[in-house]
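Welcome, and please open your viewer with the chain loaded. We will go from stop to stop, selecting a few residues each time and looking at what surrounds them.

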Amino acid sequence: MRQRILKLGSLILAFLLLAGLSACGEKTATGNQGTSNKPAEIIHWKMVTTWPKNFPGLGTGAENLANKINELSNGRLQVKVYGAGELVPALEIFDAVSRGTAQMGHGAAYYWKGKNPTFQFFSTVPFGLTAQEMNGWLYNGGGLELWQQAYAKYNLIPMPAGNMGVQMGGWFNKEINNIDDLKGLKMRIPGLGGEVLNRAGGTPVNLPGGELFTAMQSGTIDATEWVGPYNDLAFGFYKVAKYYYYPGWHEPGTALEAIINKEALEALPKDLQAIVLNACKLANHEMLAEYTARNNDALQTLINKHHVQIKRFPNDVLSKLKTISDDVVKELANKDEFSKKVYESYSSYRQKVMAWHEYSERAYLNVRANQQ
Ligand code: CA
């Protein structure tokens with residue numbers, strides 16, 4: 001009898017426990033439903049950029065990133081894009097995002113070489129990595145971790161957010177037949193390429209894209225590089241220069257950056273943080289696809305419609321520029337411990353990926369060219 005009562009007691013207890021659990025579950029479910037029915041809070045961010053508003057590929061690339069964030073967050077995080085000079089001048093976006101005037105920026109790491117020359121490794125290195133190789137280093141070769149360490153003291157989180165592939169060498173009004181033709185040349189060329197030009201006897205100038213046409217037209221500069229046919233056609237450089245040189249030895253695969261204010265990112269719910277970071281990855285991928293698809297049509301327009309003379313830098317000039325580049329990059333590496341670490345990571349990756357690409361990309365491109 002006593003046993004029976006105990007058994008009954010445990011059954012009742014078990015029933016009550018189950019009922020209790022299921023009641024709790026229902027409550028949680030109701031709670032969740034309640035949350036999702038509540039109108040979500042809309043967060044507004046500003047994105048400042050180094051590009052003219054909606055400039056093809058670059059300005060539109062920044063817009064694309066903002067749209068992706070808006071779309072993926074279902075409108076919970078709305079990012080408004082400001083062109084160069086609308087909120088802050090092009091070359092002040094780093095500081096603006098660092099101090100929180102804007103929550104995000106879109107530019108390139110070599111614009112900030114005045115803060116730390118090592119940043120240039122995270123945009124491009126003369127005779128360095130191509131776009132495909134750069135993505136490999138950043139995402140899977142330790143590059144992005146180093147980049148994030150480099151920007152941490154500025155309260156910024158960088159993410160790769162666009163690449164244009166191998167650029168063109170630039171616009172000139174005189175032929176470059178030997179390295180001495182670069183002497184005395186005042187040329188807009190950013191980053192480490194600029195330092196190489198400096199050592200070759202030229203004067204590098206760091207100007208934002210929107211100022212280049214006027215600078216060429218007024219003779220403030222003798223030559224300029226910008227990006228490649230798709231962008232250079234849009235700026236109309238064919239009206240102010242005779243020769244369009246290739247290849248862009250100085251920018252073989254420049255990574256553009258999204259810079260995100262650390263506190264602004266951390267203040268977001270976890271899912272929105274993931275959306276911001278992953279939208280950068282999408283934008284990075286989509287920009288390269290756009291340039292790959294559009295450059296040749298623009299090049300043909302420059303040649304056939306605007307009668308631009310396309311010229312290849314002579315091998316001797318390229319080989320001298322390479323020797324100077326090696327010195328510039330090595331000196332940069334010896335600046336301090338962190339620079340050395342970045343240099344070693346970049347160089348050892350470059351060596352490995354070059355070895356692999358002998359068997360893959362280069363071997364295939366050679367075979368394809370020979371079959372035509
Ligand atoms: Ca460029």
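Throughout this tour, buried means under 20% relative accessible area, exposed means over 50%, and partly exposed is anything in between (1.4 Å probe, protein chains only). What you have open is a predicted model, in which local features need pLDDT of at least 70 and side-chain atom pairs count only at pLDDT 80 or more, while totals for chains, interfaces and linings use all residues. Residues are numbered from 1 along each chain as its sequence is written, and side-chain values use heavy atoms, with hydrogens and water left out.

**The whole chain**

Start with a cartoon view. The chain has 13 helices and 11 strands; here helices (H or I, at least four residues) and strands (E, at least two) are DSSP runs, numbered from the N terminus. Of its 372 residues, 49% count as buried. A contact means heavy atoms within 4.5 Å. Among contacts in the chain with a separation of 6 or more, 77% are between residues 24 or more positions apart.

**Stop one: Leu268**

Select Leu268, in the loop between α9 (262-266) and α10. Is Leu268 buried or exposed? Its relative accessibility is 5%, so Leu268 counts as buried. Now show its neighbours: leaving aside residues up to four places away in sequence, Leu268 touches Ile43, Trp45, Leu77, Gln273 and Val276. Leu77 is worth a distance label, as its C-alpha lies 9.1 Å from that of Leu268 although the two are 191 residues apart in sequence.

**Stop two: helix α2**

Next, select helix α2, residues 59-72. The expected span of a helix is 1.5 Å times one less than its number of residues. For the 14 residues of α2 that gives 20 Å, and the end C-alpha atoms are 20 Å apart, which agrees. Which residues of α2 are buried? They are Gly59, Gly61, Ala62, Glu63, Leu65, Ala66, Lys68 and Ile69. Their cover includes the strands β1 (43-49), β2 (77-82), β3 (104-108), β4 (156-163) and β10 (255-261), along with α10 (270-304). After α2 comes Asn74, with a positive phi near 55°.

**Stop three: two more buried loop residues**

Move to Thr124, in the loop between β3 and α4 (131-140). Thr124 has a relative accessible area of 4% and is buried. Beyond residues up to four places away in sequence, Thr124 touches Tyr110, Leu192, His250, Glu251, Pro252, Gly253 and Thr254.

Then pick Ala241, which sits in the loop between α8 (229-235) and β9 (243-246). Ala241 is buried as well, at 8% relative accessible area. With residues up to four places away in sequence left out, Ala241 touches Trp171, Phe172, Asn173 and Met216. Measure across to Ala223, too: 18 residues away along the chain, its C-alpha is separated from that of Ala241 by 7.8 Å.

**Stop four: salt bridges**

Show the charged side chains now. A salt bridge is a side-chain nitrogen of Lys or Arg within 4 Å of a carboxyl oxygen of Asp or Glu, and the structure holds 15 of them.

Zoom in on Lys311 and Glu175, which form a salt bridge with their closest N and O atoms 3.8 Å apart. Lys311 lies in strand β11 (residues 309-312) and Glu175 in the loop between β5 (170-172) and β6 (186-188), so this pair ties together parts that are 136 residues apart in sequence. Both ends are partly exposed: Lys311 at 21% relative accessibility and Glu175 at 34%.

Select Lys183 and Asp180 for another salt bridge, at 3.2 Å from N to O. Asp180 is partly exposed at 45%. For a network of salt bridges, choose Glu195, Arg199 and Glu331 together.

**Stop five: α11 and its neighbour**

Finish at helix α11 (residues 315-333), where Lys322 and Asp326 are 4 residues apart, or about one helical turn. Their salt bridge has its closest N and O atoms 2.8 Å apart. Lys322 is partly exposed at 26%, as is Asp326 at 30%.

Now add helix α12 (residues 337-359), whose axis comes within 8 Å of that of α11 and crosses it at roughly 140°. Axes are lines fitted to C-alpha atoms, for helices over the stretch in contact, and angles run from 0 to 180 degrees between N-to-C directions. The contact is made by Lys322, Val329, Lys330, Leu332 and Ala333 of α11 and by Ser339, Lys340, Tyr343 and Arg350 of α12.
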